Amino acid sequence: MTDVAIVMGSKSDLPVMQAAADILDQFGVTYEIDIVSAHRTPEKLFDFSTNAHKRGVKVIIAGAGGAAHLPGMIAAMSPLPVIGVPVKSSNSIDGWDSVLSILQMPGGVPVATVALNGGKNAGILAAQIIGSANENIQRKVIEYKVSLREEVEKASQALKK
């Protein structure tokens with residue numbers, strides 16, 4: 001059983017989505033990763049979206065570029081929280097097409113949306129969601145946030161020298 005499913009529309013999205021996997025590894029959150037294209041594999045999309053919760057997945061991170069329908073289509077069919085990662089792709093309009101496709105979901109079909117190419121933040125958000133019911137993961141998220149503060153404090157002190 002995995003806590004998080006990371007899916008992307010194509011292999012070219014992997015560098016962005018790998019950042020989500022890397023941070024989940026850091027927090028000790030279990031995940032699976034796959035390619036599920038909203039346009040090229042609609043049957044796989046339907047099966048994945050309607051069955052992920054039955055397999056024990058708790059959060060879905062979905063990254064897509066261009067028209068970026070993947071996160072919204074998953075959210076339309078799944079009862080799980082979906083975090084959308086807009087990916088700046090080769091056929092993209094500076095990524096704005098992806099951002100707006102994921103961000104502008106109709107009422108009743110929410111998708112939490114992170115920044116363009118924001119795989120890392122998607123992983124952190126997924127860990128925070130998992131951590132709301134798992135004290136061990138929550139402790140690791142708290143430690144991570146403390147480390148961010150300490151990094152800024154060190155940089156501030158270094159500037160003053």
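In the predicted model described here, E153 and R149 are joined by a salt bridge in which the closest N and O atoms are 3.3 Å apart. Both residues belong to helix α6, where a spacing of 4 residues places them about one turn of the helix from each other. E153 is partly exposed, its relative accessible area being 40%, and R149 is likewise assigned to the partly exposed class, at 45% relative accessibility.

This pair belongs to a wider set of charged contacts, since a search of the whole structure finds 6 salt bridges. Another of them is formed by D34 and K44, with 3.1 Å between the closest N and O atoms. Here the two partners come from distant parts of the chain, D34 lying in strand β2 and K44 in helix α2 (residues 42-51), 10 residues apart. D34 counts as partly exposed at 36% relative accessibility, and K44 is also partly exposed, with a relative accessible area of 35%. A further salt bridge brings together the side chains of K88 and D94, at a distance of 3.7 Å from N to O. Of these two residues, K88 is partly exposed, at 46% relative accessibility, whereas D94 reaches 54% and is therefore counted as exposed, the limit for that class being over 50%.

The strands of the model are arranged in an open sheet of 5 members, which follow one another in the order β2-β1-β3-β4-β5 with parallel pairing. The edges of this sheet are occupied by β2 (31-35) and β5 (112-113); each of them has a single partner strand, so one side of each is left without a neighbour in the sheet. The pairing of β4 with β5 is parallel and consists of 2 bridges, and in this part of the sheet I83 has A112 of β5 as its bridge partner. Helix α4 packs on the sheet, where it touches β3, β4 and β5, and its direction makes about 165 degrees with that of β4. The pairing of β3 with β4 is also parallel and extends over 6 bridges, with G65 standing opposite V87 in β4.

Strand β4 has 6 of its 6 residues buried, so it is largely enclosed by the rest of the structure. The burial applies to both faces of the strand, with V82, G84 and P86 buried on one side and I83, V85 and V87 buried on the other. Such a division into two sets can be read against the general pattern that in a regular strand the side chains alternate between the two faces of the sheet.

The nonpolar interior was examined next. The largest nonpolar core contains 25 residues, of which V4, I6, L24, F27, V29, I61 and V85 touch the most other members. At least two residues of this core are supplied by each of β1 (4-8), α1 (14-27), β3 (59-65), β4 (82-87), α5 (119-131) and α6 (135-159), and the largest contribution is that of α1, with 7 residues. Among the residues of this core, I61 touches V4, A5, I6, V7, M17, A20, L24, I83, V85, A122, G123 and A126, when residues up to four places away in sequence are not counted. Another core, of 20 residues, lies apart from the largest one and includes A5, V7, V36 and A75. In soluble globular proteins, nonpolar side chains tend to be buried together.

Helix α1 also holds A19, which is partly exposed, with a relative accessible area of 27%. When residues up to four places away in sequence are set aside, A19 touches G119 and K120. With respect to I137, which is 118 residues away along the chain, the separation between C-alpha atoms is 18 Å.

A charged residue in a buried position is found in helix α4 (residues 96-103), which contains D97. Although D97 is buried, no salt bridge is formed by this residue, and the nearest side chain of opposite charge, that of K88, is 9.3 Å away. That distance lies outside the 4 Å within which a salt bridge is counted, so K88 does not qualify as a partner of D97. Leaving aside neighbours within four places in sequence, the residues in contact with D97 are G66, N91 and S92. K88 is instead engaged with D94, in the salt bridge described above.

Notes
Residues are numbered from 1 along each chain as its sequence is written. This is a predicted model: local features need pLDDT of at least 70, side-chain atom pairs count only at pLDDT 80 or more; totals for chains, interfaces and linings use all residues. Side-chain values use heavy atoms; hydrogens and water are left out. Buried means under 20% relative accessible area, exposed over 50%, partly exposed in between (1.4 Å probe, protein chains only). Lys and Arg count as positive and Asp and Glu as negative; His and the chain ends are not counted. Contact means heavy atoms within 4.5 Å. A nonpolar core is a set of buried Ala, Val, Leu, Ile, Met, Phe, Trp, Tyr and Cys residues joined through side-chain atoms within 4.5 Å. Two strands pair if DSSP finds at least two bridges between them. Axes are lines fitted to C-alpha atoms, for helices over the stretch in contact, and angles run from 0 to 180 degrees between N-to-C directions.
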